[in-house]
Amino acid sequence: MAEVTYYTQEGLDKLKQELQQLKTEGRANIAKAIAEARDKGDLSENAEYDAAKEAQGLHETKIAKLEEVLASARLIDESTLDTSKVLALSYVKIKNKKNNAVMTYQLVSETEADLKSGKISVKSPIAQGLLGKSVGEVAQVEAPAGVLEFEILEISR
């Protein structure tokens, strides 16, 4: 069985929208490509037809994987979560003890992670170091450059 993954409402909606698009427009486009390739003659020597059938197989695999992700997805009610500790979906304001840089991240599932928008995966080394910590605590994180220390300044939802 697939591992249960927790999502925000926004992340879950995005997955559902992607699945819907793959099932409708995506399948229609592939069917069209197969039909066009089939119209070009002998299927035994038709590379376009073979490529279109292979693309169809890959497309259906992607749909199956997305359905599996959605089947094991759970929506977190953010209003019931404790803000005294860093948990999944927490917004965490941290300060790098070495260079005093202050950053704010939201800890999200792997599929929702997007560093540009300040969302990091709960499975990332930084998030792993922060999980369970409270405001004022210092998290030590193993990084390729050595051990980094982050002071937790604020936790919110």
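Eleven nonpolar, four polar and five charged residues make up the lining of the largest pocket. That pocket belongs to a predicted model, and it holds about 290 Å³ of space. Here's a quick tour of the two biggest pockets, the strands around β4, and one loop residue.

**Largest pocket**
- In total, 20 residues line the largest pocket.
- Glu-3, Val-4, Thr-5, Tyr-6 and Ser-109 are the ones that lie nearest its centre.
- If you're looking for the elements that give two or more residues to this lining, they are β1 (5–7), α2 and β4.

**Second largest pocket**
- The runner-up has a volume of about 190 Å³.
- Its lining splits into two nonpolar, four polar and six charged residues.
- The top contributor here is α1, which gives five residues to the lining of the second largest pocket.
- From the earlier part of the chain, the lining includes Thr-8, Glu-10, Gly-11, Lys-14, Leu-15 and Glu-18.
- Further along, Thr-111, Glu-112, Ala-113, Asp-114, Ser-117 and Lys-119 also line the second largest pocket.

**Strands around β4**
- β4 (residues 102–108) pairs with β3 (residues 91–96) in the antiparallel sense, and five bridges connect the two.
- One spot to check in that pairing is Tyr-91, which sits opposite Gln-106 in β4.
- β3 and β4 make a hairpin, with five residues between the strands.
- Keep an eye on Asn-100 in the turn of that hairpin: its phi is positive, at about 60 degrees.
- β4 also has a parallel partner, β5 (residues 119–121), joined to it by three bridges.
- Within that parallel pair, Leu-107 has Ile-120 in β5 as its bridge partner.

**Asp-39 in its loop**
- Asp-39 sits in the loop that links α1 (9–38) and α2 (47–71).
- Asp-39 has a relative accessible area of 68%, so it counts as exposed, the cut-off for that label being over 50%.
- Tyr-49 is ten residues away from Asp-39 along the chain, and the C-alpha atoms of the two are 9.3 Å apart.

Conventions: Residues are numbered from 1 along each chain as its sequence is written. This is a predicted model: local features need pLDDT of at least 70, side-chain atom pairs count only at pLDDT 80 or more; totals for chains, interfaces and linings use all residues. Side-chain values use heavy atoms; hydrogens and water are left out. Two strands pair if DSSP finds at least two bridges between them. Helices (H or I, at least four residues) and strands (E, at least two) are DSSP runs, numbered from the N terminus. Buried means under 20% relative accessible area, exposed over 50%, partly exposed in between (1.4 Å probe, protein chains only). On a 1 Å grid over the protein atoms alone, a cavity is a set of points where a 1.4 Å probe fits but cannot get out, and a pocket is an open set with protein on both sides within 12 Å along at least five of seven lines; lining residues have an atom within 4 Å of a point. Grid points are joined across faces, edges and corners, and a volume is the space filled by probe spheres set on the points. Ala, Val, Leu, Ile, Met, Phe, Trp, Tyr, Cys and Pro count as nonpolar, Asp, Glu, Lys and Arg as charged, and the others, Gly among them, as polar.
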